[in-house]
Amino acid sequence: MGIEIPQNKFLILDGAMGTVLQQRGLSPQGRPELLNLTEPELLNSVYKEYIAAGSQVIYANTFGANGLKLAKTGHSVEEVVGAAIAVAKKAAAGTGTLVALDVGPLGELLEPMGTLSFERAYDLFREMAEAGAKAGADLIVVETMTDLYEAKAALLAAKEAAHLPVFVTMSFDAGGRTFTGCTVASMARTLEGLGADAIGLNCSLGPDLLAPLLKELCENTRLPVIAKPNAGLPDPVDGHYDMGPEDFAQALLTCVEAGISIVGGCCGTSPEYIRRLTAVLEGKKPVSRHYNNTGLVCTPVTPIRLNGVRVIGERINPTGKKRFQQALLENDLDYILDVGVQQEDAGADILDVNVGFPGVNEVVMLPRVVKKLQSAIAVPLQLDSSNPDALEAGLRVYNGKAAVNSVNGEPEVLERVLPIVKKYGASVVGLTLDKNGIPKTAEERVAIACRILQAALDHGIPREDVWIDCLTLTVSAQQEQAAE
């Protein structure tokens, strides 16, 4: 079944599953995903209550149904996910309600903060996505993420394993950062670039505290924005949430004013919360939004807007640097990291990364260098290679929104590189040259720039993500070029 995200009305999600199950007897130490096998009727009754309350999308009980968390249960991911989707589908039968595969965090930190590799995380998420698609899920929801790198692994896996819409929501504190330090702008630009169909915020806060963060999110994405807040904050003594259904629904109207169009509830909410939410939204439409279309590249913790002069450090490049060449040939990543740190300390906003040198396998080396640099450096990277396979390998493991340097105006080059730029949501530097070299006149360079821009737009790359390098020449070498 397909899903159309409404443009001029609200899409209503469900509320909490875990806290509702605990109210109905599930031990906090129990694994709720196993109820898909042992108590399907209990889950069926919860789903039906949400559907009756107005939920147009229900999340299957698969939040923790990944290979790590199920490893010691004796049950496979395919078995648990298949059972979960079947239970939810049975409850939704004949109602038009959609069923989402619910994908939560894996429960282990990814490198460099933890020991789980990006590639291993991707494989675990792909296993879930394949099981969900096979079982008949209508869409995939990646939720409650605090690590942008983990969210990227899950989104890539979902997109590559299943031809389904993918929603992604992350959890922020009131200060506008996740547990790992990710900013709202970094989240928005990265996940939109990677092809999410809708993004938003869930858990951690009530709707009142979530509203200003949602406003910032709406200013940084063109996508539909999701709000799935908690029922306020939990009491530290008995754990109950401090916002009742009526207050929750009224407070969510401030989130509506921020520009959201997809709404539901997270921890502490219940079918009654969704019933009240549906009632207060009756007859209302999403508000118009303003998108800040300034170009931006980022790491999770550092968004860099292209709204003025930005300094790009160019020292991570072997050209004319014997010590750097030696480091590449000897796999001395610590030396390369030191070069990067020196530039960051000197004030560089972005670091260019080029590892192309005879005897170096760029497809292997570029992602290794990217991982090493992002383990200790907070500023965004610009990947510089004439090898499209190396660019893809580097972009795949990059945490955030990168730039790609340098793409010339040759149609063959554009056709090879731009699809990679689009897939990974990068910005791209277009060089005003082609097979005939650097043109002598400004008009010829502008013509190449227009060709690059149009090719990028044709591939779905936003205009603000295309940077043009006009290839200014040295006046001392070619004085007539000063006028050009």
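This is a chat about the helices, strands and a few single residues of a predicted model.

Biologist: What kind of model is this, and how are residues numbered?
Modeller: It is a predicted model, where local features need pLDDT of at least 70, side-chain atom pairs count only at pLDDT 80 or more, and totals for chains, interfaces and linings use all residues. Residues are numbered from 1 along each chain as its sequence is written, and side-chain values use heavy atoms, with hydrogens and water left out.

Biologist: Let's start with the sheet. What is the strand order?
Modeller: The order is S1-S8-S7-S6-S5-S4-S3-S2. It is an open sheet of 8 strands with parallel pairing. Strands here are DSSP runs (E, at least two residues), helices are runs of H or I with at least four, and both are numbered from the N terminus. Two strands pair if DSSP finds at least two bridges between them.

Biologist: Which strands are at the edges?
Modeller: S1 (11-12) and S2 (57-59). Each pairs on one side only.

Biologist: How many bridges join S4 to S5?
Modeller: There are 4. S4 covers residues 139-145 and S5 covers 166-170, and they run parallel. Met145 stands opposite Met170 in S5.

Biologist: And which helix packs on S4 and S5?
Modeller: Helix H6, residues 148-161. Its direction makes about 170° with that of S5. For angles like this, axes are lines fitted to C-alpha atoms (for helices, over the stretch in contact), and angles run from 0 to 180 degrees between N-to-C directions.

Biologist: What about S5 and S6? How many bridges there?
Modeller: S5 and S6 pair in the parallel sense over 4 bridges. Phe167 stands opposite Ala198 in S6.

Biologist: Is S6 covered or uncovered?
Modeller: Mostly covered: 5 of its 5 residues are buried. Buried means under 20% relative accessible area, exposed means over 50%, and partly exposed is in between (1.4 Å probe, protein chains only). Ala198, Gly200 and Asn202 are buried on one side of S6, and Ile199 and Leu201 on the other.

Biologist: What comes after S6?
Modeller: A loop between S6 (198-202) and helix H8 (207-219), and Cys203 is found there. Phi of Cys203 is near 65°, a positive value in a residue other than glycine. Cys203 is buried, with a relative accessible area of 14%.

Biologist: Where is Leu471, and what is its phi?
Modeller: Leu471 is in the segment after strand S16 (466-469). Its phi is near 55°, also positive in a residue other than glycine. Leu471 counts as buried at 14% relative accessibility.

Biologist: Switching to helices. How do you describe two packed ones?
Modeller: By the angle between their axes and the distance between the axes.

Biologist: OK, so what are those values for H4 and H5?
Modeller: The axes of H4 (residues 77-92) and H5 (residues 118-135) come within 9 Å and cross at roughly 40°. That makes H4 oblique to H5. Angles under 35 degrees count as roughly parallel, over 145 as roughly antiparallel, 65 to 115 as roughly perpendicular, and the rest as oblique.

Biologist: Which residues make the contact?
Modeller: On H4, Val77, Glu78, Val81, Gly82 and Ile85. On H5, Glu127, Met128, Ala131, Gly132, Lys134 and Ala135. Contact means heavy atoms within 4.5 Å.

Biologist: How do they divide by class?
Modeller: Into 6 nonpolar, 2 polar and 3 charged. Ala, Val, Leu, Ile, Met, Phe, Trp, Tyr, Cys and Pro count as nonpolar, Asp, Glu, Lys and Arg as charged, and the others, Gly among them, as polar.

Biologist: Which strands does H4 lie across?
Modeller: S2 and S3 (98-103). H4 runs at about 150° to S3.

Biologist: Now H14 and H15. Where do their axes stand?
Modeller: The axes of H14 (residues 388-397) and H15 (residues 411-423) come within 10 Å and cross at roughly 5°. That makes H14 roughly parallel to H15. The contact uses Pro388, Leu391, Glu392, Leu395 and Arg396 of H14, with Arg416, Val417, Ile420 and Lys423 of H15. By class, that contact has 5 nonpolar, no polar and 4 charged residues.

Biologist: Last one. Which residues does a cis peptide bond join?
Modeller: One joins Glu111 and Pro112, with omega about 5°. Pro112 is in the loop between S3 and H5. Another joins Asn405 and Ser406, with omega about 15°. Ser406 is in strand S14 (residues 403-407).
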